[in-house]
Amino acid sequence: MADLLQTHPSLRKKILIVEDDFFIRDLYQIEAVNQGLDVIVAVDGQEALKKIKDEKPGAVLLDLMLPKMDGLSVLAAINRDDQIKNTPVVVITNLSDSQSQQKALALGAKKYMLKIDNNPDVVIGEVKKYLA
């Protein structure tokens, strides 16, 4: 199966990782590639929305604390756009307060995960659950 995915990249699943911290983004990207996924990245909320619309990823891993447009605003914008509102989003953040979690889930996030509590393999495994 791995050989088939290498020779037919269109069969691979694509995710968008939205993270402004290079080190953390790189960890998730390496793990996603190791798990057989194609990865696109965005470093701020505005870039994330553009890439969701243009690239049509199967799922999004979204940080909440981002430059230009925060993750909750990105979730709200996804919700308002009929073309992308069904894109599954997993939130990964350091914000452990229940208000942020409730808001993200109310805006359509499939899962709310804390960076400190989850290794990259667990995070990417969770994102993969939502790929068609």
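Trainee: Leaving aside neighbours within four places in sequence, which residues is aspartate 63 in contact with, and what makes each a contact?

Mentor: They are Val18, Glu19, Asp20, Gly71, Ile92, Thr93 and Lys115. Each counts as a contact because heavy atoms lie within 4.5 Å. The model is predicted: local features need pLDDT of at least 70 and side-chain atom pairs pLDDT 80 or more, whereas totals for chains, interfaces and linings use all residues. Residues are numbered from 1 along each chain as its sequence is written, and side-chain values use heavy atoms, with hydrogens and water left out.

Trainee: Why is aspartate 63 called buried?

Mentor: Its relative accessibility is 2%. Buried means under 20% relative accessible area, exposed over 50%, and partly exposed in between, with a 1.4 Å probe and protein chains only. The value of 2% is under the 20% limit, so aspartate 63 is buried. Its place is the loop between β3 and α4, where helices (H or I, at least four residues) and strands (E, at least two) are DSSP runs numbered from the N terminus.

Trainee: What makes the approach of aspartate 63 to lysine 115 a polar contact?

Mentor: The two side chains come to 3.4 Å. A polar contact is a pair of N or O atoms within 3.5 Å; within protein, one must be able to donate a hydrogen and the other to accept it, and residues adjacent in sequence count only if both atoms are side-chain atoms. The distance of 3.4 Å is within that limit, so the pair qualifies.

Trainee: How do you know whether glutamate 19 is buried or exposed?

Mentor: Glutamate 19 has 2% relative accessibility and therefore counts as buried. This residue sits in the loop between β1 and α2 (22-34), and a polar atom of its side chain lies 3.0 Å from the backbone nitrogen of aspartate 21. Beyond its neighbours within four places in sequence, its contacts include Asp63, Leu66 and Lys115.

Trainee: What makes a set of residues a nonpolar core, and which members of the largest one touch the most others?

Mentor: A nonpolar core is a set of buried Ala, Val, Leu, Ile, Met, Phe, Trp, Tyr and Cys residues joined through side-chain atoms within 4.5 Å. The largest has 22 residues, of which Leu16, Val18, Leu62, Leu75 and Val91 touch the most other members. At least two residues each come from β1 (13-18), β2 (37-42), α3 (45-55), β3 (59-62), α4 (71-80) and β4 (89-93), and α4 gives the most, with 5. A second, separate core of 15 residues includes Val39, Ile92, Met113 and Val123.

Trainee: How do you know that the buried residues of α3 lie on one side of the helix?

Mentor: The residues in question are Gly45, Ala48, Leu49 and Ile52. They cover an arc of only 95° around the axis, which puts them on the same side of α3; the arc is that of the directions from the helix axis to the C-beta atoms. Lys50 and Asp54, on the other side, are exposed. Elements covering the buried residues include β1, β2, β3 and α4.

Trainee: What caps the N-terminal end of α3?

Mentor: Aspartate 44 does, with a side-chain oxygen 3.0 Å from the backbone nitrogen of glutamine 46.

Trainee: What makes lysine 56 noteworthy in its backbone, and why is it called exposed?

Mentor: Most residues other than glycine have a negative phi. Lysine 56 has a positive phi of about 50° although it is not a glycine. At 54% relative accessibility, lysine 56 is over the 50% limit and therefore exposed.

Trainee: Why is glutamine 29 given a term other than buried or exposed?

Mentor: At 26% relative accessibility, glutamine 29 falls between the two limits, so it is partly exposed. Glutamine 29 belongs to helix α2.

Trainee: How do you know that β4 and β5 pair, and what is the hand of the crossover between them?

Mentor: Two strands pair if DSSP finds at least two bridges between them. β4 and β5 (residues 111-114) have 4 bridges, in the parallel sense, so the condition is met. The chain crosses from β4 through helix α5 (residues 98-106) to β5 in a right-handed β-α-β crossover. Right-handed means that, with the strands pointing away from the viewer, the path from the first strand over the helix to the second runs clockwise.
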